[in-house]
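Visitor: I'm new to this one and would rather look closely at one part than skim everything. Could you pick a spot in the interior and walk me through it?

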Amino acid sequence: MPALSLVTLVSLVSTVFTEQLDAHPPHQQQHGHWAPICSGNPTNRIRGCDRYGCGNFGADRHSGKGKHAGVDVICSDGATVYAPFSGQLSGPIRFFHNGNAIDDGVQIRGSGYCVKLVCIHPIRYQGQIRRGQRLGKMLPMQKVFPGIISHIHVENCDHSDPTHLLTPDVPPLPQRAQDGRWAAVCAGNPTNEIRGCDKYGCGYYGAPRRDGKGKHRAVDVICADGATVYAPFSGQLSGPVKFFHNGNAIDDGVQIRGPEFCVKLLCIHPIRYSGQISKGQVLGRMLPMQRVFPGITSHIHVENCDHSDPTSNLERGKGQRE
């Protein structure tokens, strides 16, 4: 075949293929999985179960008469929301149809996908958006459902299960500590950032307690309700450890004793109260602190067994430098 004819044929095939690609984009063109959609939740963690129900696809709804047609991705009230993929926006999407504080959302269609993100307020309801670009903010779910694990309702337009698209190719491991410092204790807080001050008090070691008559003998590490909790170091578990002794929704915890350290992690529900655990291993989950103290900065109470200050062991905590 003459060289000119070959070039012409290749050009023609390339043009046709490009037109077909634009008209019928493959289901997974560039990314096999979606980008993180909520700040503070880099792995698109899905809501577990609380008193309002469960967040997985197919969970019971309407007293068992219906099924959950979406997935609830954990997202703190007011958090920044990002586009999971590139596409065309349309909306608004009303889920509750009653005008409550979380009755807003938007649809994205493109890149081979179509999804509705509900309980968020988008920056706009139309136009193009890119994967990972800021889409809007999480609405105040606690105002409508006090104590729920705040979340974005993620629903495919065809009502299929989006779970596999929300899971990263390689889930990031909890940050490991170096030079004697502990690993990250809460998913979404890789630097063990310490709670600042809110209407209930401050989270740093030695902060005033009981109207100035006492001192905080621990450190409060920021952790969203329902977030996964990890072991800061390897050791032996024991518990349960009760802090409030009143059976409230966050009155649970566990102790870890290792070769060098001994610490109590409170306001969490551990996967078990005895046995060995390794540094960075899943320890449990954060309990619903907003249900007990509405508006507080949700946190894990981290207390050394000898009541000494654990701040130096918490890698790059609030106010510390690398």
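Guide: First, a word we'll need a lot: buried means under 20% relative accessible area, exposed means over 50%, and partly exposed is in between, using a 1.4 Å probe and protein chains only. This is a predicted model, where local features need pLDDT of at least 70 and side-chain atom pairs need 80 or more, while totals for chains, interfaces and linings use all residues. Residues are numbered from 1 along each chain as its sequence is written, and side-chain values use heavy atoms, leaving out hydrogens and water.

Now for the setting. The protein has 322 residues, of which 44% are buried. Its secondary structure comes to 4 helices and 26 strands; these are DSSP runs numbered from the N terminus, with at least four residues for a helix (H or I) and at least two for a strand (E).

Let's zoom in on strand E8 (105-110). Of its 6 residues, 5 are buried, so E8 is largely enclosed by the rest of the structure. On one side, E8 runs antiparallel to E7, joined by 3 bridges; strands count as paired if DSSP finds at least two bridges between them. E8 is also antiparallel to E9, this time with 6 bridges. Follow Ile108 across: Leu89 stands opposite Ile108, and so does Val115 in E9. E8 and E9 make a hairpin with 2 residues between the strands, and there Ser111 takes a positive phi near 60°.

Who else does Ile108 meet? Leaving aside neighbours within four places in sequence, its contacts (heavy atoms within 4.5 Å) include Ala83, Pro84, Phe85, Leu89, Tyr113, Val115, Leu117, Ile129 and Leu135.

That brings us to the nonpolar core, a set of buried Ala, Val, Leu, Ile, Met, Phe, Trp, Tyr and Cys residues joined through side-chain atoms within 4.5 Å. The largest has 31 residues, and Ile108 is among those with the most contacts inside it, along with Trp34, Leu117, Leu135, Ile152 and Val154. Strands E5 (71-74), E8, E9 (113-118), E12 (134-138) and E13 (151-156) each give two or more residues to this core, as does helix H3 (163-166). E9 is the top contributor, with 4 residues. There is also a second, separate core of 30 residues, which includes Ile194, Val229, Ala231 and Val241.

Next, the rings. Rings of Phe, Tyr and Trp (its six-membered ring) pair if their centres lie within 6.5 Å; planes under 30 degrees apart are stacked, over 60 edge-to-face, and the rest tilted. The whole structure holds 12 such pairs. In one of them, Tyr52 and Phe145 have ring centres 5.4 Å apart and planes at 70°, so the pair is edge-to-face. Tyr52 sits in the loop between E1 (49-50) and E2 (53-54), and Phe145 in the loop between helix H2 (141-144) and E13, 93 residues apart. Both are partly exposed: Tyr52 at 34% relative accessibility and Phe145 at 24%.

Back at our spot, Phe85 and Tyr113 form a tilted pair, 5.1 Å centre to centre with 45° between the planes. Phe85 is in the loop between E6 (80-82) and E7 (87-90) and Tyr113 is in E9, so the pair ties together parts 28 residues apart in sequence. Both of these rings belong to buried residues, and both residues touch Ile108.

A couple of backbone quirks lie close by in the chain's path. Most residues other than glycine have a negative phi, and most peptide bonds are trans. In the loop between E7 and E8 you'll find Pro92, and the bond from Gly91 to Pro92 is cis, with omega near 5°. Then, in the loop between E9 and E10 (120-122), comes Cys119, which isn't a glycine yet has a positive phi of about 80°. Cys119 is buried too, at 2% relative accessible area.

One last stop is Asp72 in E5, another strand that feeds the largest core. Asp72 is buried at 1% relative accessible area. Its side chain makes a polar contact with the side chain of His151 at 3.4 Å, and another with that of His153, also at 3.4 Å. A polar contact is a pair of N or O atoms within 3.5 Å; within protein, one must be able to donate a hydrogen and the other to accept it, and residues adjacent in sequence count only if both atoms are side-chain atoms. Asp72 also touches Ile152, one of the core residues with the most contacts.
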